[in-house]
Structure formats: C-alpha cells, structure tokens
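Visitor: I'd like a close look at one helix and whatever packs around it. Could you walk me through that part?

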Amino acid sequence: RANLSKFSEMSTNAVLQVENLHKTYGDRPAVQDVSFRVVPGTIYGLLGPNGAGKTTTIRCISTLLRPDRGRVVVAGATDPRAIRRRLGYVAQEVALDKVLTGRELLALQGAMYHLPPAQIQVRIAAVLALLELTEYADRRTGTYSGGLKKRLDLAAGLLHEPQVLVLDEPTVGLDLPSRSAIWEFLRQLRQRGTAILLTSHYLEEIDALSDRVGILDRGKMVAEGTPDQLKDGLGGDRLTVKIREFADRPEAEQALKLLQGQSWVKSGRINTLQGNAINLTVARDSDTSVVRSLLTAANLPLFSLSQSRPSLDDVFLAATGQTLVDADLAARELSRK
C-alpha cells in the first residue's frame, strides 16, 4: 500500500498525483487509500469491475466530490478552481443539449471556461478538426449518432487545452468502428503530450492503450505497474484446458485437482463462462504435453489445450481470486439487492 513518503521519491514531472485518496458513502468505503501518478504524454488506465471505485476516484480528481482524506495535485495545483482550469473531464454519460448545434455547444463551453472571445472560435475550429467533426458542426446534436456524441463530448473536454484529460468509460456502448476511432484519437493526444487518465472495465482497451495500469477492486488498488510488469509478475504462462466443449462441473473439478497436483502448475480455477474450462498458471519451462496422458490415465477426455502469455485478467485473478468478468457479475448482483 502506498503512503505519502512514497511520493517524495516521485519524478517531479508528474502532472497528476493522487495521494492516499479515501472516500466513504455513509458507512460504506468506496475508495480506500488509492495512490498513483500520471506523467505528460502517457495514458494511465484504471481497470476494475463495476463498483470498484473507478468513478468515485475520478470524481474526486475532477473536484466533483470532496475526498474524506488524501490529496489530488494537478500540474502543481491543489485548489479545486485551479485544478478545473488544468483538467478536462469527460463523463461516462454524454449530456448534450439536443437543440444546440455542435458549434454552439462548444461556444457555450468556451464561455463557461471564460476563454477570451477571440480564442473561442479558433479553438473550436481546432478541436472540430482534431476529432473530424467539422462537417457535423452546424447540425443539432440531437441528430448525432452515439459515436459522434462521444466525440463532441471529447471536444468539449479539450476546448480549454487541459494538461490532464480524465475519461470515465469513454467507449462504453459504442460500436467497434466508433471505439477504434476514439482509441486512435487518444493515441494522437498522447503523442501531443497530454496526460490521460482512462477508466474502463474493458480488458482489451486498457491493455491496448495504457502505459501504466492500476487495478481497483472494492475500492482498493490491488495491482499497479506497466501492463508488461503486471503480466511478468505472475511468473508463468496461462494454460487453458477443456476436457469437453461444455464439461460437467464434477468432471472439471476432477481434472483441476489432478492438474493442480503437478509441480509445474502454480494455480488453477474452473471458468464457468468458458464451459467449465480449466485456467491454469504454469511455469514457462513446463512440459504441458503430459496433460493428455494425465487426463487419459484418469479416464478423462481432452477437447482442447492452449498456452499463452498471461492477460490482465490473469493479473486480476491473481490479485483478487476471481476474474474481472466474475467480479463484474458479482457487483451487479449485489447492486440488485
């Protein structure tokens, strides 16, 4: 767990520092002692299931919530008003006035940031071009597709040229072409030197975009580092064994117990979402060719066997004891009660 002394050792070029953030709703802790930093020209990904504390964390950073304890520093500023001048925030839910055109909405945004009138139109033209929205700028936003609305929301968040851009689930609900377009745009922003804080529960999104990753679970930071560091930290490969395309649970449990008895298997679990497949973490130099003979000796079939490098989901599993999908489902069930 991080503490304030850790931050005295941080590089002075961190444009966003979150120090021991803590926020409680009633008697329920939503964020507990969360700490991380983001430097210019990088994307920091916060990964976690619904209810992990991602949105609470970024609302505290964006001054929409006051933390109970801890500190947020944005480009040297700790005062909420100064932070808002340095930071752009794009919420998960797009909130646009359907009557306004895209250009009118951006002009309103510029006025709210007290930008000089002479600069507003110049900046509007720049962000419209950056997000390829110029041809749609004079249409009412109520006619926009979901992807266009999200791009306009991003344009509004960038209009005042923030040093830090905070994005809460920026591609949730979008189709694949729209998601790909936003991914490419974020990579361009990173190349321009913008620091980006991105929350998501899409594993592939965080893995593809992030220079560093923080994994949240139940309000706590359970793992933090570069994607490669986190995966290499597991010290092995992922082995997926399916005894049948859709195996019975008792057979899967029998196979798991057999395989976990091998010295080269570090951990294992049954993945119900994969038809009771067996997910193992194994030593990289292990001879997995013996799996078939082990199963055959126990009168168990082998439907498929695949070995790969660990994923961020494996990192989450190692840190929390469940996959990200399982944690997400559990959080949704809890919210219904």
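What covers the buried residues of α4?

Guide: A word on the model before the helix. This is a predicted model, where local features need pLDDT of at least 70 and side-chain atom pairs count only at pLDDT 80 or more, while totals for chains, interfaces and linings use all residues. Residues are numbered from 1 along each chain as its sequence is written, and side-chain values use heavy atoms, with hydrogens and water left out. The mean pLDDT (the predictor's confidence in each residue, from 0 to 100) is 89 for the protein, and 94% of its residues reach 70 or more. The weak spot is residues 1–11, where pLDDT is below 50, although this stretch still has 18 contacts in the model beyond near neighbours in sequence; a contact means heavy atoms within 4.5 Å. Where pLDDT is low, the predicted coordinates should not be read in detail.

Now your question. The cover over the buried residues of α4 includes α5 (117–130) and α6. Helices here are DSSP runs of H or I with at least four residues, strands are runs of E with at least two, and both are numbered from the N terminus. α4 itself spans residues 102–112, and its buried members are Gly102, Leu105, Leu106, Gln109 and Gly110. Buried means under 20% relative accessible area, exposed is over 50%, and partly exposed is in between, using a 1.4 Å probe and protein chains only. Look down the axis of α4 and those buried residues fall within an arc of 140 degrees, so they line one face of the helix. That arc is taken from the directions running from the helix axis to the C-beta atoms. Just past the end of α4 comes histidine 114, with a positive phi near 55 degrees.

Leucine 152 is a nice way into the α6 side, as it lies in that helix. Its relative accessibility is 1%, so leucine 152 counts as buried. Leaving out residues up to four places away in sequence, leucine 152 touches Leu96, Gly102, Leu106, Leu133, Thr141 and Tyr144. So you'll spot Gly102 and Leu106 of the α4 list here as well. The C-alpha atoms of leucine 152 and arginine 103 are separated by 9.4 Å, with their positions 49 residues apart along the chain.

Step back a little and you reach the largest nonpolar core, which has 46 residues. Such a core is a set of buried Ala, Val, Leu, Ile, Met, Phe, Trp, Tyr and Cys residues joined through side-chain atoms within 4.5 Å. Leu106 and Leu133 are among the residues with the most contacts inside this core, a group that also includes Leu167 and Phe185. Helix α6, residues 146–158, gives the most to it, with six residues. Leucine 133 touches Leu128, Leu148, Arg151, Leu152 and Ala155, again not counting residues up to four places away in sequence. There is also a second, separate core of 25 residues, with Tyr44, Leu46, Ile58 and Val74 among its members.

To sum up your helix: α4 has its buried residues on one face, and what covers them includes α5 and α6.
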